[in-house]
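Subject: A structure to look through

Dear colleague,

I am passing on a structure that I would like you to look at with some care. Please open it first, and then read the notes below alongside it.

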Amino acid sequence: MRLSRYFLPVLKEDPKEAQIVSHRLMLRAGMIKQQAAGIYSWLPLGFKVLRRIEQIVHEEQQRAGHIPMLMPTLQPADLWRESGRYDDYGEEMLRLKDRHKRDLLYGPTNEEMITDIFRSHVNSYKDLPLTLYHIQWKFRDEIRPRFGVMRGREFLMKDGYNFDLTKEDALHAYNRHLVSYLRSYERMGLQAIPMRADGGPIGGDYTHEFLVLAETGESEVFYDKEITDLTFGDRAIDYDSVEQCQAVLEEFTGRYARTDETHDQAIFDEVPEERRRTARGIEVGQIFYFGTKYSDAMGATVVGPDGQRVPVHMGSHGIGVSRLLGAIIEANHDEKGIIWPEGVAPFHVGIVNLKQGDNSTDSACEAIYAELQTRGLDPLYDDRDERAGAKFATADLIGLPWRITVGPRGLAANKVELTSRRTGESEELSPKEAIARLEAIYAPVLGSVVRDK
Ligand code: ATP
Ligand code: MG
């Protein structure tokens, strides 16, 4: 993309309504525009990052064998009457009527609808296991929408639902989700720690929330510092292997890590004092096994191996796709602006032309721009007729992880400058070397192709 043709409405001043840094930077970088409390338009730059995050979620879900689909945002109230949640959900649910006075609601989540789809089409245990998911807008009429996209009213969520014959199988699905979530967050450059969470009215031990540590987080968390040393990395995993997935769960949940809802001081005190940490965290996902709650209420049964009908065991698993933008920025910024991890960067590299209108710098920039694109990279070429300082400030604010600076003096020696946004370090390289370097940096990010199993 050429910046002169893009739509990037950056703000010079700090917006007054933003209380936390991610909200401020998203507004300043021209990523979002508020349309009503907790409801945002996603401007091109914000939309681009949102799509990158979605793409990672899709790839990792499909790698785990989970199947994408799409359910509508509007749902009939009758489905929720079957589960009993139409009355229970309270004021967070946005209720509406159509012209025939039928009750509808804007979905805050999809357990009822997916259970309805399942019971309509699946009849035999032979069709299990099955995990379906979608990435769709949700609406929750939060009492206090705040912090920009972190606590919106309309927000984008990945929600997946597993259907299994037995509790044991459903717990394997739970573990599979845990693994796929660890991979997803790491690809986004985040450490999200699975913490034991509260099962709410359904109870049960089988729920974990994933938290990104950040001062602005809304949850208070207690953990053993050792857990922050764990990374999943690029290890190979067979998602069909019960043992392998179970081993990852044990590794990543074996140390004390809980939110305030489940915190138990007596158990925490058993962790050596120098490893005990209390901090704040942002919830970016949750996994949940809830047994037959919905299948009992809504009659989602299958014929089992012995010919008897049995209710299926289910779980639901969510990732806060739009909230993740805020969480990533909270964890990756400095006083100049955002610092996108390579995995989610809206553009992989900025090209700054120090002397726009000069034949040799213009044509060098054009050549670099074209070559990067040929190699599958996504550059943003700042071809505006602006001072160098303004171009640098824009690239820093919007968080491009790398910058190639092209000026007449360097070019005379066949050199450009490659600068890391994170470290601020620059290197003089030939254009060819700079392109090769970027290609190597982004190879792991671009190389992820997932095929149907
Ligand atoms: P919270 O406790 O933050 O209200 P929740 O536990 O009610 O969230 P879930 O039902 O677990 O939310 O939804 C799955 C994910 O969706 C959450 O982990 C979170 O990342 C995201 N999410 C939930 N509510 C919002 C919201 N109002 N705005 C943005 N993202 C949200
Ligand atoms: Mg939750």
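To begin with the overall form, the protein chain has 453 residues, for which a compact globule would have a radius of gyration near 22 Å, and because the chain itself has 24 Å, it agrees with that expectation. Please keep in mind throughout that this is a predicted model. Taken along the principal axes, the C-alpha atoms of the protein chain fill a box of roughly 80 × 55 × 45 Å, and the chain is made up of 14 helices and 23 strands, together with the parts that connect them.

The next thing to find is ligand 1, since the space that ligand 1 takes is the largest pocket. Around ligand 1 there are 14 residues, of which the closest are Arg140, Glu142, Arg151, Gly152 and Glu283. Sorted by character, the residues of this shell comprise 5 nonpolar, 4 polar and 5 charged ones.

Which strands supply at least two residues each to the shell around ligand 1? They are β8 (154–164) and β13 (276–291), and β13 gives the most, with 4 residues.

Some polar contacts with ligand 1 are worth locating one by one. In the side chain of Arg140, a polar atom lies 2.9 Å from an oxygen atom of ligand 1, while the side chain of Arg323 has an N or O atom that is 3.0 Å from an oxygen atom of the ligand. With Gly285 it is a backbone N or O atom that lies 3.2 Å from an oxygen atom of ligand 1. On its own, ligand 1 has 580 Å² of accessible area, and the protein covers 80% of it.

Finally, two details of the backbone deserve a look. Most residues other than glycine have a negative phi, and most peptide bonds are trans. Lys101, in the loop between β5 (94–97) and β6 (103–106), is not a glycine and yet has a positive phi of about 65 degrees. The peptide bond from Leu128 to Pro129 is cis, with omega near 0 degrees, and Pro129 is placed in the loop between α5 (111–121) and β7 (130–139).

With best wishes

Methods:
Residues numbered from 1 in each chain as written. Chains lettered and ligands numbered in written order. Predicted model: local features only at pLDDT ≥ 70, side-chain atom pairs only at ≥ 80, totals over all residues. Heavy atoms only, no water. Near = heavy atom within 4 Å. Polar contact = N/O pair within 3.5 Å; in protein donor to acceptor, adjacent residues only side chain to side chain. Areas by Shrake-Rupley, 256 points an atom, 1.4 Å probe, with all protein chains shown as cover. 1 Å grid on protein atoms, 1.4 Å probe; cavity = no way out; pocket = protein on both sides within 12 Å on 5 of 7 lines; lining within 4 Å. Sits in = over half its atoms within 2 Å of the grid points. Nonpolar A, V, L, I, M, F, W, Y, C, P; charged D, E, K, R; others polar. Rg over C-alpha atoms; globule rule 2.2 N^0.38 Å.
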